[in-house]
Amino acid sequence: MMMSRMRHVILIIILLGVIGFTLYEALSDSIGVSGNLESDPETGLEIGAKAPDFTLETLEGEEITLSEVGKPVMLNFWASWCPPCKAEMPHMVNFYESRSDDVEIIAVNMMHQESSVEDMKAFHDDYQLNFPVPFDEDGTVTGMYQVKSIPTSYFVNAEGYIESKYIGPMTERSISSAFDKIN
């Protein structure tokens with residue numbers, strides 16, 4: 001009886017230790033990310049905050065810097081193996097075809113989540129992507145934007161402030177509506 005009770009106490013202590021360690025790790029990760037964002041007090045991921053800036057390279061070797069775009073941006077995070085991303089891409093292509101003069105779509109490929117560069121290139125070609133597709137090789141930008149599920153899209157105004165965020169696939173209509181709400 002005493003031995004059984006002692007085992008229960010030990011199991012509870014171990015369980016509490018695991019829970020405590022998990023919470024510590026989660027909080028230190030989030031503090032690290034927000035710590036990077038706090039270098040500029042206006043920068044953050046909330047609506048109305050200045051979008052964190054980044055520079056990434058496209059397949060063609062062109063560098064894209066968010067703060068240098070100068071027009072409203074749909075910042076989309078995706079991967080080639082993601083079924084909702086596959087559903088969303090034709091809508092993004094069609095929308096961009098008609099509105100590329102006044103808005104930009106930057107579709108950040110989460111290269112660190114891809115099985116190969118060839119998979120991403122095949123997706124790019126199969127869907128005839130007509131907007132910039134920079135790739136996040138090590139997940140830095142994906143982490144900076146705290147992307148947990150894909151597709152995730154941020155809509156950023158021409159001054160670089162976040163206007164809205166959407167998780168999940170969007171249609172031409174929902175993309176158009178999100179851009180129409182940007183001042």
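**His124 and strand E6 in a predicted model**

User: Which residues does His124 touch, not counting residues up to four places away in sequence?
Analyst: This model is predicted. Leaving out residues up to four places away in sequence, His124 touches four names in two parts of the numbering: Leu59 and Glu60, then Leu129 and Val133. The contacts of His124 are therefore Leu59, Glu60, Leu129 and Val133.

User: Is His124 buried or exposed?
Analyst: His124 sits in helix H3, residues 117-126. Buried means under 20% relative accessible area. His124 has 12%, so the residue is buried.

User: How many of the five residues of strand E6 are buried?
Analyst: Strand E6 covers residues 152-156. Thr152, Tyr154 and Val156 point one way, Ser153 and Phe155 the other, and all are buried. E6 is largely enclosed by the rest of the structure, because the buried count is five of the five.

User: Which residue stands opposite Val73 in E6?
Analyst: Strand E3, residues 73-78, runs antiparallel to E6, and five bridges join them. Val73 belongs to E3. Its partner in E6 is Val156.

User: Which residue in E7 stands opposite Phe155?
Analyst: E6 is also joined to strand E7, residues 162-167, by five bridges. These two strands run antiparallel. Opposite Phe155 stands Ser164.

User: Which residue takes a positive phi in the hairpin of E6 and E7?
Analyst: Five residues lie between the two strands of this hairpin. One residue there has a phi near 95°. That residue is Gly160.

Terms used:
Residues are numbered from 1 along each chain as its sequence is written. This is a predicted model: local features need pLDDT of at least 70, side-chain atom pairs count only at pLDDT 80 or more; totals for chains, interfaces and linings use all residues. Side-chain values use heavy atoms; hydrogens and water are left out. Helices (H or I, at least four residues) and strands (E, at least two) are DSSP runs, numbered from the N terminus. Buried means under 20% relative accessible area, exposed over 50%, partly exposed in between (1.4 Å probe, protein chains only). Contact means heavy atoms within 4.5 Å. Two strands pair if DSSP finds at least two bridges between them.
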